[in-house]
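Trainee: Could we go through this one together? I'd like to hear the reasoning behind each label, not just the label.

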Amino acid sequence: MSNPNSTVGQLLTTTLDNYAPSIIDNITNNHPLLEKLKAKGNIVKKSGGVTFQEKISYATNGTVQYQGEYDTYNTTPQDVISTATFAQKILTGTVTMTDLEYAQNAGPEQIVDLLAEKMKVLEASLSNQIGTSIYADGTGSGGKEVGGLKLLVSDAPTSGTVGQINRANYSFWQNKLYDFSVESVTPSATTILAAFNQLYLRCQAQMGKLPDMIAADSVYFSYFETATQTIQRISSDKIGAMGFDNLKYKSSDVFFDPECPAEHAYFINTNNIFMKYLGESLFTKGVATRPYNQAAYVVPMTFMGNMTIDNARVHGVMHA
């Protein structure tokens, strides 16, 4: 016997097809770092593979030499390229539609309205989780969470493993740091600019590579705002239009992100950090399924991805 409510599954599927692009746009637009990565083309769809890999150069070519007119070239083989390998993390959410809801909301228009409200809740939930995970260290949910800035741009850059590379063993894989306690400086509106200046210079580990985004918590953003009140420049109109306070420091957009860890500021070069994912889109919609033991339909949405970097030296973090 055919399911009398099979049209619900079709309606769920077609309605969610329409909502999927909205979810993707709202997630990136609500988080300045993701919006910047999107603008740079650094939210990257991958066709497959069991990990995400980034090619990295970790040493100079030792064959470079001055030589006489008849001296021979140095042809010693050089091992200067390696790979950073990042796990793929899974984030899911679901929309359900019960037979009772179907009966109570008879008519296609009413069902679509109900689905719209359910989708708004799912959108907000997915967006909030991604926004939090941008700053995660990858240990949440038993190690299943995305490895965000607390991992990639670490408070302790000389220890730990990123991309299966031990930072303690390779200085090229260590991000830059300004630790107020180590510098014997008390963070305040009178000291924040000098701290910004020092960390900004430290992040210029390679010619032409400059931080272009600084994400700060409310404390450090307020210090910076107070310190620059009379000479303030507003950053990009697009970030401002998203409802985020945003200022300018040299080549960097400076913005307050409520998800940023307390008393932290991250100096990011968005050319060297990525959000990579598997699937047709950032969030992949599954098929509307009716569990055998429930009078309902369930449609999953899944993110399969992670944040990655291909250069650690160009990023920095400031903390007390």
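Mentor: Sure, and let's start with a term: buried means under 20% relative accessible area, exposed means over 50%, and partly exposed is in between. Keep in mind that this is a predicted model.

Trainee: Okay, which residues of H8 are buried?

Mentor: Ile 192, Ala 195, Phe 196, Leu 199 and Tyr 200.

Trainee: What puts them on the same side of H8?

Mentor: Their arc around the axis is only 130°, so they sit on the same side of H8. The general background is that an α-helix has 3.6 residues a turn, so residues three or four places apart point the same way.

Trainee: And what does helix H8 pack on?

Mentor: First, the sheet itself: 6 strands in the order E7-E15-E11-E8-E10-E9, open, with mixed pairing. From one strand to the next, the twist averages 20°. Helix H8, residues 192-202, packs on that sheet and touches E7, E8, E9, E10, E11 and E15. The direction of H8 makes about 160° with that of E7.

Trainee: Why are E7 and E9 called edge strands?

Mentor: Strand E7 (176-179) and strand E9 (246-249) each pair on one side only.

Trainee: How do you know that E9 and E10 pair?

Mentor: Pairing takes at least two bridges between the strands. E9 and E10 are joined by 4 bridges and run antiparallel, so they qualify as a pair. One example is Leu 247, whose bridge partner in E10 is Val 254.

Trainee: What lies in the loop between E9 and E10?

Mentor: Lys 250 is found there, and its phi is near 50°, a positive value in a residue other than glycine. As background, most residues other than glycine have a negative phi.

Trainee: Why is Lys 250 called partly exposed?

Mentor: Its relative accessibility is 43%, and partly exposed runs between 20% and 50%, so Lys 250 fits that class. Compare Gln 164, in the loop between E5 and strand E6 (165-166). Phi of Gln 164 is also positive, near 65°. Its relative accessible area is 61%, and the cut-off for exposed is over 50%, so Gln 164 counts as exposed.

Trainee: On to charges. Why is the contact between Asp 253 and Lys 36 called a salt bridge?

Mentor: The cut-off is a side-chain nitrogen within 4 Å of a carboxyl oxygen. The closest N and O atoms of Asp 253 and Lys 36 are 3.1 Å apart, so the pair makes the cut. Asp 253 is in strand E10 and Lys 36 in helix H2 (residues 32-40), 217 residues apart. Lys 248 comes in too: Lys 36, Lys 248 and Asp 253 are linked in a network of salt bridges.

Trainee: How many salt bridges are found in the whole structure?

Mentor: The search finds 8. Among them is Glu 54 with Lys 276, the closest N and O atoms being 2.7 Å apart. Glu 54 lies in strand E2 (residues 52-57) and Lys 276 in strand E12 (residues 273-278), so this pair ties together parts 222 residues apart in sequence.

Trainee: Are Glu 54 and Lys 276 buried or exposed?

Mentor: Glu 54 has 5% relative accessibility and Lys 276 has 6%. Buried means under 20%, so both count as buried.

Trainee: What about Asp 99 and Arg 290?

Mentor: They form a salt bridge as well, with closest N and O atoms 2.5 Å apart. Arg 290, at 27% relative accessible area, is partly exposed.

Trainee: Which residues touch the most other members of the largest nonpolar core?

Mentor: Trp 173 and Phe 303, in a core of 44 residues. Helix H4 (residues 108-133) gives the largest share, 5 residues. Leaving aside neighbours within four places in sequence, Trp 173 contacts residues including Ile 56, Phe 86, Val 162 and Ile 309. There is also a second, separate core of 19 residues, which includes Phe 180, Cys 203, Ala 216 and Phe 224.

Trainee: Last one: what makes Pro 157 buried?

Mentor: Its relative accessible area is 7%, and the cut-off is under 20%, so Pro 157 is buried. Not counting residues up to four places away in sequence, Pro 157 touches Arg 167, Gln 174, Asn 175 and Leu 177.

Definitions and conventions: Residues numbered from 1 in each chain as written. Predicted model: local features only at pLDDT ≥ 70, side-chain atom pairs only at ≥ 80, totals over all residues. Heavy atoms only, no water. Helix = DSSP H or I, 4+ residues; strand = E, 2+ residues; numbered from the N terminus. Buried < 20%, exposed > 50% of the residue type's maximum accessible area, 1.4 Å probe, protein only. Axes fitted to C-alpha atoms, helices over the stretch in contact; angles between N-to-C directions. Contact = heavy atoms within 4.5 Å. Arc of directions from axis to C-beta. Core = buried A, V, L, I, M, F, W, Y, C linked by side-chain atoms within 4.5 Å.
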